[in-house]
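Q: I'm new to this one, and I'd rather know one part well than skim the whole thing. Please pick a single spot, look at it closely, and then work outwards from there.

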Amino acid sequence: MKKWMKPLAFALAAAALSSLAALGVTAGLGKLGDSLVRAWGVTGANLHLAPIWVQLIAGSLGTWVRAAGWLAVLALAAGFSRLGLKRKLRWGNKCLFWALAGLALGISWMALLRALDAVRWGESLLGPDFDMGMLASLLYYASSALGAQALCLGVVYQALRDLKRLAAALIASALLSLLTAPFLPIALVNAFLSGLILCALYDQTGGILAGAAFVFSRDLVLFAVAGAAGGVGHALYEAYPSGFDVLSGGGAGPMNGLVATALFSGLLAVLMRRKRDDQ
């Protein structure tokens, strides 16, 4: 038990300090952004008259700020890895393969929800509705995928995996669930399952990049393209829950539905079987 104390204390301290720093960055930049918007005299009524760069900042201020918080987590995780673990963050390989796998999962997910009539398309299905605010959304999805995995896998999981890999995966997945999911039972379970999948990818690819690419491309389909509930900022299309909230996740988004539970459980089983076959 004693051999666990030091790495576990380091992992939890890194997680706590990174989370507090992210909150500080988010709060500080949020106040600064609000002050700038007021100084520019920008309102919802006249935003379209402002220069493009002002529209880009003011129209998606909250999304930019949240993305900056995750970038702060990424930077701190890299620092904790270098100082505490005496190594750089491990990036790994097979990024393109798992990015394509994430796209396939996102497409299959939305197709299944639509086949079950758990979501329906809004009027924006008539054509893609591109908005400059999508740039902020894309940065948020990328930074959250990288930041969460840099902290939970690159630092916490890496610090504990040499002691007991299963326990390390459970701890890292629980932390990722608390950091990324709404505090709803099904959403927390699904985020936990997603964390176990990402731990398996970390072991198989040697780093965080494959898992980050998987999560980013999955969220790209679900939120930035399809416009499912639970996303941030603007989306090309609109998909709204039409009943069967236990399947679709309702207003909390697809991660709060049982379809996500089934998909993640199936993928985790495939990865575990593949790992056993390799051994």
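A: Let's start with Leu175, which counts as buried because its relative accessibility is 17% and the cut-off for buried is under 20%. Keep in mind as you look around that this is a predicted model. Leu175 sits in helix 6. Once you set aside residues up to four places away in sequence, Leu175 touches Ala15, Cys152 and Val156. There's also Phe192 to look for: Leu175 and Phe192 are 17 residues apart along the chain, and their C-alpha atoms are separated by 8.3 Å.

Phe192 is a handy pointer to the next helix along, since it is one of the helix 7 residues that make the contact with helix 6. So what does that pairing look like? Two packed helices are described by the angle between their axes and the distance between the axes. Helix 6 covers residues 165-180 and helix 7 covers residues 185-205; they pack at an angle of about 130°, and their axes are 8 Å apart. That angle makes helix 6 and helix 7 oblique to each other. Their crossing is right-handed. On the helix 6 side, the contact is made by Arg165, Ala169, Leu170, Ala172, Ser173, Ala174, Leu176, Ser177 and Thr180. Helix 7 answers with Leu188, Ala191, Phe192, Gly195, Leu196, Leu198, Cys199 and Asp203. Sorted by class, this contact of helix 6 with helix 7 has eleven nonpolar, four polar and two charged residues.

Now move along to helix 8, residues 209-225, which packs with helix 4, residues 95-115. Here the angle is about 30° and the axes are 7 Å apart. That makes helix 4 roughly parallel to helix 8, because angles under 35 degrees count that way. The crossing of helix 4 and helix 8 is right-handed. The helix 4 residues in this contact are Cys95, Trp98, Ala99, Ala101, Gly102, Leu103, Leu105, Gly106, Ile107, Trp109 and Met110. They meet Leu209, Ala210, Ala213, Phe214, Ser217, Arg218, Leu220, Val221 and Leu222 in helix 8. By class, that contact has 16 nonpolar, three polar and one charged residues.

Helix 8 is worth a second look. Follow it along and you'll come to a kink of about 30°, centred on Asp219. Helix 8 is also mostly covered, with 13 of its 17 residues buried. Just after helix 8 comes Gly227, with a positive phi of about 70°.

Positive phi turns up elsewhere too, in the loop between helix 3 and helix 4. Lys86 lies in that loop and has a positive phi of about 60° although it is not a glycine. Lys94 is in the loop between helix 3 and helix 4 as well, and its phi is near 60°, again a positive value in a residue other than glycine. How covered are these two lysines? Lys86 counts as exposed because its relative accessibility is 67%, while Lys94, with a relative accessible area of 41%, is partly exposed.

Lys86 also leads you back to a serine in helix 3. Ser81 is placed in that helix, which spans residues 61-84, and counts as buried at 1% relative accessibility. Not counting neighbours within four places in sequence, Ser81 is in contact with Lys86, Arg87, Lys88, Leu89, Gly154 and Val155.

There's another serine to visit, Ser248, in helix 9, residues 245-248. Ser248 has 4% relative accessibility, so it counts as buried. Leaving aside neighbours within four places, Ser248 is in contact with Leu113, Ala118, Val119, Pro241, Gly243, Gly253, Pro254 and Gly257.

Finally, zoom out. The protein chain comes to ten helices and two strands, and from the N terminus on the elements run α-α-α-α-β-α-α-α-α-β-α-α. Of its 279 residues, 45% count as buried, and Leu175, where we began, is buried at 17%. Taking contacts in the protein chain with a separation of 6 or more, 74% are between residues 24 or more positions apart.

How values were computed: Residues numbered from 1 in each chain as written. Predicted model: local features only at pLDDT ≥ 70, side-chain atom pairs only at ≥ 80, totals over all residues. Heavy atoms only, no water. Axes fitted to C-alpha atoms, helices over the stretch in contact; angles between N-to-C directions. Parallel < 35°, antiparallel > 145°, perpendicular 65-115°, else oblique. Left-handed = near helix turned anticlockwise from the far one by under 90°. Contact = heavy atoms within 4.5 Å. Nonpolar A, V, L, I, M, F, W, Y, C, P; charged D, E, K, R; others polar. Bend = angle between axes of the 7 residues up to and from the residue. Buried < 20%, exposed > 50% of the residue type's maximum accessible area, 1.4 Å probe, protein only.
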